[in-house]
Amino acid sequence: MAESTTTVKHDVTVVFGCIELRGALVHDNENRVLELENAEGPAEPISISLQGYGFTPEPGNVFIKDWSEHSGLTARLAQAGLVTPVHALTVGPFRSTAYEVQVTL
């Protein structure tokens with residue numbers, strides 16, 4: 001039987017700008033996805049794919065954008081002990097910042 005590549009931490013509150021959501025933070029390591037599952041609706045994506053820019057996160061890591069509603073999100077997740085920033089990247093036509101983080105659920 002294959003070992004699961006999904007880790008879950010329940011009862012997590014994530015702040016997106018002025019919106020606060022509570023649910024289960026789910027990390028799918030195989031697909032490099034981190035999302036917040038809640039009872040109110042569909043899962044809220046935390047991570048972002050940067051494959052279009054030629055970037056793939058290392059195993060155990062995901063990318064988190066630091067613009068729009070995700071501005072400051074990496075710092076808040078790190079302060080809560082949910083991720084550890086590895087390095088910053090500059091992407092896109094607006095030279096926006098994204099972070100590669102190690103998920104530490």
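I take strands to be DSSP runs of E, at least two residues long, numbered from the N terminus. I keep in mind that this is a predicted model.

**Entry 1: Ser96**

I looked up Ser96 and found its place in strand 7. Is Ser96 buried or exposed? I use the cut-off for buried, which is under 20% relative accessible area. Ser96 has a relative accessible area of 17%, so I note it as buried. Next I listed what Ser96 touches, leaving out residues up to four places away in sequence. The contacts are Trp67, Leu89, Thr90 and Val91.

**Entry 2: the sheet around strand 7**

I then asked which strands share a sheet with strand 7. Three strands form an open sheet, and I read their order as 5-7-6. The pairing is antiparallel. Strand 5 (61–65) and strand 6 (83–91) each have a single partner strand, so one side of each lacks a neighbour in the sheet. These two strands stand at the edges. From one strand to the next, the twist averages 30 degrees.

I went on to the pairing of strand 6 with strand 7 (residues 96–103). How many bridges join them? I find eight, and the two strands run antiparallel. One partner pair I wrote down is Leu89 with Ala98, the latter in strand 7.

**Entry 3: the other sheet**

I turned to the sheet that holds strands 1 to 4. Four strands form it in the order 1-2-3-4, and it is open. Here too I note antiparallel pairing. Strand 1 (6–16) and strand 4 are the edge strands, each pairing on one side only.

I checked strand 2 (residues 19–28) against strand 3 and counted five bridges, in the antiparallel sense. Leu25 stands opposite Leu36 of strand 3. Asp28 stands opposite Val33, also in strand 3. The hairpin of these two strands has four residues between them. In that hairpin, Arg32 takes a positive phi near 55 degrees.

On to strand 4 (residues 44–45). It pairs with strand 3 over two bridges, again antiparallel. I see Glu35 opposite Pro45 in strand 4. Six residues make up the hairpin connection from strand 3 to strand 4.

**Entry 4: the faces of strand 3**

I wanted to know which side chains of strand 3 (residues 33–37) are buried. In a regular strand, side chains alternate between the two faces of the sheet. Strand 3 shows this alternation. Leu34 and Leu36 point to one face and are buried. Val33, Glu35 and Glu37 point to the other face and are not buried.

**Entry 5: the largest pocket**

I searched for open space next. Rolling a probe the size of a water molecule over the atoms shows where empty space is left. The largest pocket has a volume of about 150 Å³. Its lining has 13 residues, and the closest to the centre are Asn31, Arg32, Ser49, Gln51 and Pro57. Arg32 is the residue I noted earlier for its positive phi. I also sorted the lining by class: seven residues are nonpolar, five polar and one charged.

**Entry 6: Gly52**

Last, I looked up Gly52, which sits in the loop between strand 4 and strand 5. Is Gly52 buried or exposed? Exposed means over 50% relative accessible area. Gly52 has 79% relative accessibility, so I count it as exposed. I also took the separation of its C-alpha atom from that of Val91. It is 10.0 Å, with the two residues 39 apart along the chain. Val91 is also one of the residues that Ser96 touches.

Key. Residues numbered from 1 in each chain as written. Predicted model: local features only at pLDDT ≥ 70, side-chain atom pairs only at ≥ 80, totals over all residues. Heavy atoms only, no water. Buried < 20%, exposed > 50% of the residue type's maximum accessible area, 1.4 Å probe, protein only. Pairing = 2+ DSSP bridges. 1 Å grid on protein atoms, 1.4 Å probe; cavity = no way out; pocket = protein on both sides within 12 Å on 5 of 7 lines; lining within 4 Å. Points joined across faces, edges and corners; volume = space filled by probe spheres on them. Nonpolar A, V, L, I, M, F, W, Y, C, P; charged D, E, K, R; others polar. Axes fitted to C-alpha atoms, helices over the stretch in contact; angles between N-to-C directions. Contact = heavy atoms within 4.5 Å.
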